[in-house]
Structures are given as structure tokens and as C-alpha cells.
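Trainee: I have the whole fold in front of me and I don't know where to start. Please pick one part, take a close look at it with me, and show me how it fits with what lies around it.

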Amino acid sequence: MSTTAQLPKHESAPSPISYPAGLALIVLAQAGLLGYLASRGWFYGDDLSYLGAATGQDLDWRYLSAPVNDHFVPGLRLLFWLMNRETGLNYAITIAARIVLQAVATVLLHRLLVLLAGRRPGVLLLTGWYAFGTLLVPGTLWLTTSVDLVCSQLLVILAIDLHVRYTVTGRLRLAAGTALALLGALSFWELSGITALLLPIMSLGFLHPGGPGARLRATLRRWPGWLVLAGALGGWLYYFLTGPYGGAAHSLSPASALRVLRVGWLDALGPAVLGGPWRWVYWGEVYFPIADPPLAAVLLGQACIVAAVLAGLRRTGIRSLLAWSLPVLTFAISTLVVALGRFQTFGDLSPRSFNYLFPVAAPLAVAAALALLPSTPAEVASRVTDRDRRAARPALPVRRRLRIAGAALATLFLVSSGVSDATFTHRWAQNPSEAYVDTLTSSVRAAGPEVNLWDSRVPPAVLVFYAGQNHISDLLRLARVPARFQDSASKPLLVTDDGGLAPAALLPVATQIGPATGACTRLVHGQGSWTIPLSRRLGSNEYFVQIDYLQQKASVLYLAFRDQDGRTVEPVGGQRLELPHQLASLYLRLPLTTVESLVVRSDSPGNNVCIGAIVVGVPYPAGTR
């Protein structure tokens, strides 16, 4: 008798489901969506700073292990070093790379879900939920977070997959692969280590047969793999705790901890489950993905979570709560650890940031497969050991009502996610970085390679929350556009807030000027050292200095400054300065420091330089005062 004849009247014969075609459709559609959304933005914030930080650096452990905002992320430093050398400011290449990495992550997740739940329509639905949900979008569109999060999540998914295979087969090389994958994930995002807490939960709840005692004994029999994992992660943790990392952490009161968990759960995680939050925070010159969901999104998100938990209890029983603990633990630990370093400064904004919510996506998809699409440990083992997984599988019968309900829910989810994507990228596209850099590079190219500029900071709308490589010279080096900075041959021009060039002068905040009779402020004659106090003691800032001089022949002097604690501060570029002209000015940039006096040293007995007016200040467009 045919399959169609056996079906009840309310069902119809299933149409064959091509898993490869279904997966290919999801991956290609996700690639197209992410490519389009990413193309609406550009480099932002830390992207340009981290690219600039790699300039002139050797690819050695000193560079790779240097803290990044107190994080230990050598993987991130490696990729930005490669981009600095190979791609510069070619944003299109970064989009292509992110699309490929996310496609690999999606394929790996699908493979993992098939191992755990079999080839079911539900697995494709979960893969689609992962691929098109808003949990991934903001973190993928911002280059810095995508380097952190996409790379780490890909490796986390691989680690879970290898752990499942090791649990079934006992092959130690799979355990070693699990440990290596997690170490790789940690090199991009330290909180990937939470995955180590999820693996025993999966083993105890879903990968071993029998009662609780038998499952525990079977899990313990895999002690060689646990030992390999503990050794690898223990070594990483020791290096982290004994290094210059994690210094931004502050204490968090119980009330504050509960607050960030509540805000993150209600305003971020809940709405994200159904494709929210639909609305984002718009404020100032910041374009971060901070959720600001309407009440409807909050309530519907919690309703979806309750419905999923109840469905899991019905399908899998009490063990489904173990499955749901995977994303809950990931969310709770991530939120609290981030709050230790961010709550004091950002308050409720950090738990509502979708960048920090990104790592929950894969554990949530795995949990849904375990809770809603249950398989026995024996079935999981058979899929792991099946050497012909590419062989054709018969399509599973799916009731017509379920197909209609699934299609309706998928459609609603896609619409919901589309609204959230559109509202986020509308703001993301307003990021002024591309317009600023385009104007800057065009202006400098038009002025020619000999143009002389003050090496001032890039406006905060382009580079935010970072004190490092965010000067005009850093951007122009990345853009491969030549220019000179603080050159004594001419007065430097100032880069304006829109990237254009304008004549400039120094706004003096401290000076030292010789007597009115025209004598030098200091006469540097022969060998020696001269200390020239400034007219006032200055607080901490990045200052520029103009030093007028007169001489009969070219000379070399060594210039440094003393801060209020008596420490020597070198100007950017070093102390040794050539004075090639008879009558000219030196222009210097100082690092972030206090300034009290100028120290001039001469090593040549033939030097005879009249130091004239000394002005310490900041450049401003001439004629605007």
C-alpha cells in the first residue's frame, strides 16, 4: 500500500525535502542579506583604531599578546595585522570575508543539529532561525565585533561538534580537537570559555543512555578527554590571570547584578527570540546596537520563551530543562562578566547590546534541537558512526497543519527580523566615517604628497572610546595616501571635522617668549643641556608645540619635555630633531601628558641656535577666533 493511502484524511503525502538544497538556500540567502546590510555601513570606531595599531608592528608574540582594552585576544590582533598589510581600507573585502566565515558557521551548526536531532524539517527551521535572526546581524556588520564573535562562534560550534563525536567514539584526537577549537575561540573572545561548562551538561543529559547514575558513570569514563580540555583551558586561564588583562573589572553589587540580568533578559534576549527588538537606541554620535524594544516586543518575547519551555517539557520531559540551561548559562555568565567591566560606565546599555548577546545564538539553537527535536543517545551515536551520511534519506511525513503552522511562524519571524534589521541599518548607515575619510583622502591627494598637516585626532564621531591609533596620520597610512606632519618647511594645515583642510594656528595654552629686546629665549651654544620653564603648568592632554629658531648653519638638537612629576616625555617621533633652515619653526606633537618645561640638549660643539618663542597649545582654523 502506498504511503499516501495510509495517511489520515487531514494529512497529505509529504513532498520530498532536499536537505542539501534547503541548506544551500538558507546559506545563500543569509549571505545575500548580510552582504546587503553590511554594504550600507563602513568601518567604524575600533575598526580604524585596531587597523592603525598594527602599523609598523612585527608579527610576534609581543604584539599578539598585548592587551586590547584589557582583553587577551591574539586572534583579533592577527587578523587586523593581516588586514593592515593586505587590504587597508578596502571594506568590500572585509564584507566578503565575513560572509564566508558566517556561511561556514551556519553549515557547521546545521551539521551539528543533524547529529543531535537527525535530518528533519525542524532542523532546517532552526538553522534558518539562527541564520536570519537579529542575534547575528549587528555583531556581523561591525567589523571589530565580527572578527571577535563570528570567528569565535564558528570555533565554538566546531568544539561542540567534536565533543559529541568524542563522547560517542572515545577517540582522543577528537577531544584534542575540542580543546584546540576552544583555545582558538578564546583567542578571539574570552567568554567562549563558557562553552566548557556546557559540554558536561550535554554529555549527562543527551549523549549517554540509562538513568542518572549510568549517565554520570559514562561521562566519567571519558576522563581522558575531560583532562585534555581542563589542561588546555587551565593553561589559558593561568596565562590570563598572571598577565596584564582584565584590569577594567569592578565589583558588582547583587542588586546591580540582578538589574543587568533583568534588563538583558527582557529588553534583549526575549525580543531577539522572535526577531526583535524592532527598535534601537538612537543617541548622539554613537551607532552601537543597543536594543530599545516596545512593550509588545518584550511581552511577545517572553511568551515565546514560555511556549518553547512548555513545548520542550512535552516533547522531552524534564531533561529539556538541561537543554535550555545551555543558552541561559551562556547569557547569564556573559552578561555578568561584561557588567563587571562595563556597568560602572555604561549602566543598562551593556546588557541591551546585541554585540554581547551574539554568543547566545548557537547554544540557543542547540538547546532548541535537544528540547524540541529529541533523539535517543543511540540515535545520536548511529549518526556519528554512520560513514555514509550523504546517502539519501526518506523524507519524514509532516502533517499538513504543521507545515502550514511552521510556514506561518517562519514568515512572521522573517518579517520581524526584517523590521529589526531595517531599523538598525538605517542608523548604522548614518555612520559618518566613510564620508569623513573620503573627504580627507580627496583633500590630501588634491594638495599633493608634500602637504604638511597637524597630526590631530580624528573626530569622535569617527573613532570613539579609544585612546590609541586615532590620528590623521594613522588614517592616511591605512589609505596609502602620503603626507607630511609637523614639517618645519611650512606651516601645517589643520584637518577640519568634515575631513577638509584649512590654514591653522596654535591656540596657546602655555608659552615662553624671550625679552622684548629681541634676545633669544635661550641660546644653545656648543654642547650642553638647557631647561626652559613654560609660563604655566598644564594638565594632561595631547599638546602641539611650535618652537621658533634662528641659526647660521644646519644643526641637530635633542628636545624633550618634563611633566609635573619630573619624568621625561619625548615628542612623537623621538627627541632627535634636525634643524635644516636658518630661520624657521619646529612643530611637534606630544603624547598624552602634563607639560611643565622644555629640555634642549646639544651634543655638537659647533651648534649655535637661538631658540625664540615657544608656544604649547592646540591647532585651530585660522580666522575663527
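Mentor: Below is a close look at helix α21 and some of its surroundings, after a short word on the whole chain.

Keep in mind as we go that this is a predicted model. The protein chain has 22 helices and eleven strands, and its C-alpha trace spans about 115 × 45 × 45 Å along the principal axes. Of its 625 residues, 52% are buried. Among contacts with a separation of 6 or more, 80% join residues that are 24 or more positions apart. That is a good reason to ask what our helix touches, as well as where it sits in the sequence.

Helix α21 covers residues 433-447. Let's begin with its length. With 1.5 Å for each residue, these 15 residues should give a span of 21 Å, and the end C-alpha atoms are indeed 21 Å apart, so the expected and computed spans agree.

Now look at which side chains are hidden. Ser433, Tyr436, Val437, Leu440, Thr441 and Val444 are the buried residues of α21. Seen around the axis, they take up an arc of only 120°, which means that they sit on the same side of the helix. Try turning the model until you look along α21, and follow those six residues. On the other side of the helix you will find Arg445 and Ala446, which are exposed. So what lies over the buried residues? Their cover includes strand β1 (452-453), helix α22 (472-478), and the strands β3 (493-495) and β4 (501-512).

Next, follow the chain out of the helix. After α21 comes Gly448, and its phi is positive, near 100°. It helps to know that most residues other than glycine have a negative phi. With that in mind, move on to two residues in the loops beyond α22.

One of them is Arg480, in the loop between α22 and β2 (484-485). Although Arg480 is not a glycine, its phi is positive, near 60°. With 46% relative accessibility, Arg480 counts as partly exposed. The other is Gln486, found in the loop between β2 and β3. Gln486 also has a positive phi without being a glycine, this time near 50°. Here the accessibility is 13%, and because buried means under 20%, Gln486 counts as buried.

Let's go back to β1, part of the cover over our helix. The loop between β1 and α22 holds Asp455. What does Asp455 pair with? It forms a salt bridge with Arg589, and the closest N and O atoms are 3.3 Å apart. Arg589 belongs to strand β10 (residues 583-602), so this pair ties together parts that are 134 residues apart in sequence. Both partners are buried.

For a contrast in setting, find Arg576 and Glu578, whose side chains also meet in a salt bridge, at 3.4 Å from N to O. Arg576 is partly exposed, with 47% relative accessibility, while Glu578 is exposed at 54%. In the whole structure, the search finds 16 salt bridges.

Finally, practise the same steps on another helix, α13 (residues 223-242). Its 20 residues should span 28 Å, and the distance between the end C-alpha atoms, 28 Å, agrees with that. The buried residues here are Gly225, Leu229, Ala232, Leu233, Trp236 and Phe240. They fall within an arc of 80° around the axis, so they line one face of α13. The face turned away carries the exposed residues Trp223, Leu227, Tyr238, Leu241 and Thr242. As for partners, the buried residues of α13 pack against α9, α10 (172-186) and α11 (195-207).

To bring it back to the part we chose: α21 has its buried residues on one side, exposed Arg445 and Ala446 on the other, and a cover that includes both strands and a helix.

Terms used: Residues are numbered from 1 along each chain as its sequence is written. This is a predicted model: local features need pLDDT of at least 70, side-chain atom pairs count only at pLDDT 80 or more; totals for chains, interfaces and linings use all residues. Side-chain values use heavy atoms; hydrogens and water are left out. Helices (H or I, at least four residues) and strands (E, at least two) are DSSP runs, numbered from the N terminus. The expected span of a helix is 1.5 Å times one less than its number of residues. Buried means under 20% relative accessible area, exposed over 50%, partly exposed in between (1.4 Å probe, protein chains only). The arc is that of the directions from the helix axis to the C-beta atoms. Contact means heavy atoms within 4.5 Å. A salt bridge is a side-chain nitrogen of Lys or Arg within 4 Å of a carboxyl oxygen of Asp or Glu.
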